[in-house]
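Here is a model to read through questions and answers. Take the overall dimensions before the sheet and its helices.

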Amino acid sequence: MNVKIHSSWATYLSEEFEKTYFKSLIDFLKTEYETKTIFPPGPQIFAAFDRCTWDNVKVVIIGQDPYHGPNQANGLCFSVADNVPHPPSLINIFKELKSDLSLEIPKSGNLERWADQGVLLLNATLTVDAHRAGSHQKKGWETFTDAVIQKLSEEKEGVVFLLWGGYAQKKGRKIDSHKHYVLKCGHPSPLSANRGFWFGNQHFSQTNSFLKSKGVDGIDW
């Protein structure tokens, strides 16, 4: 299993890597990747951190689990690899973008272009067994990603946190809203969106308005 994380993050998370829970997590993952089909592929586990370095973080979107179907997960929450059909939540994200910013729905659901501009697309759990949603929950990933969020909240200022759905809002409850811009709404999944908790949130335009008010370039969504 080839696992790496960008050096800019290692500076802030090195203590976390030495903790017992994280070492146990890595041992668990080594066995899983050797004996099962796990998503995303090993080199993409930390893709969110490799595409969006510590210094570049402008926006954080918190997801829950990687997609568990073949060729879907690419290490970025809500994102899928090129040439993979858009999952339902991603379809609704693109629909809101069209409504909010008049952007046409892209052919590719690969959100690497967002990450490259400073959007940290962070799942709470970074790996999953094929076809078994939630199978790597409570193995240590949540502790690690909580630490990531806490470090960002403590060490940076003026980051936009987009908390979509109850799970993300609970995970982001310790974010310092005096230092950062926190936007909340329902999850983009059809169950939530069709009940009126997603569409019309205008989070994308609000994000760019805030960033520009701070003298920072907005995101080309």
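Q: What radius of gyration does the protein have, set against a compact globule of 221 residues?
A: The radius is taken over C-alpha atoms, and the globule rule is 2.2 Å times the number of residues to the power 0.38. For 221 residues that rule gives a value near 17 Å, and the protein agrees, with 17 Å.

Q: On what terms should the values be read?
A: This is a predicted model: local features need pLDDT of at least 70, side-chain atom pairs count only at pLDDT 80 or more, and totals for chains, interfaces and linings use all residues. Residues are numbered from 1 along each chain as its sequence is written, and side-chain values use heavy atoms, leaving out hydrogens and water.

Q: What percentage of the residues is buried?
A: Buried means under 20% relative accessible area, exposed over 50%, partly exposed in between (1.4 Å probe, protein chains only). Of the 221 residues in the protein, the buried share is 53%.

Q: How many helices and strands are there in the protein?
A: Both are DSSP runs numbered from the N terminus: helices are H or I with at least four residues, strands E with at least two. The count is 9 helices and 6 strands.

Q: Which strands stand at the edges of the open sheet?
A: Two strands pair if DSSP finds at least two bridges between them. The sheet has 4 strands in the order 3-2-5-6, with parallel pairing. Each edge strand has a single partner, so one side is left without a neighbour in the sheet; these are strand 3 (119–123) and strand 6 (181–185).

Q: Which residue of strand 6 stands opposite Leu162?
A: Strand 5 (residues 160–164) runs parallel to strand 6, joined by 5 bridges. Opposite Leu162 in strand 6 stands Leu183.

Q: What is the handedness of the β-α-β unit made by strand 5, helix 7 and strand 6?
A: Point the strands away from the viewer: a path from the first strand over the helix to the second that runs clockwise is right-handed. Helix 7 covers residues 166–171, and the unit is right-handed.

Q: At about what angle does helix 6 run to strand 3?
A: Axes are lines fitted to C-alpha atoms, for helices over the stretch in contact (heavy atoms within 4.5 Å). Angles run from 0 to 180 degrees between N-to-C directions. Helix 6 (residues 141–155) lies across strand 2 (59–63), strand 3 and strand 5, and its angle to strand 3 is about 150 degrees.

Q: Is Leu29 buried or exposed?
A: Leu29 is found in helix 2 (residues 20–35). Its relative accessible area is 1%, so Leu29 is buried.
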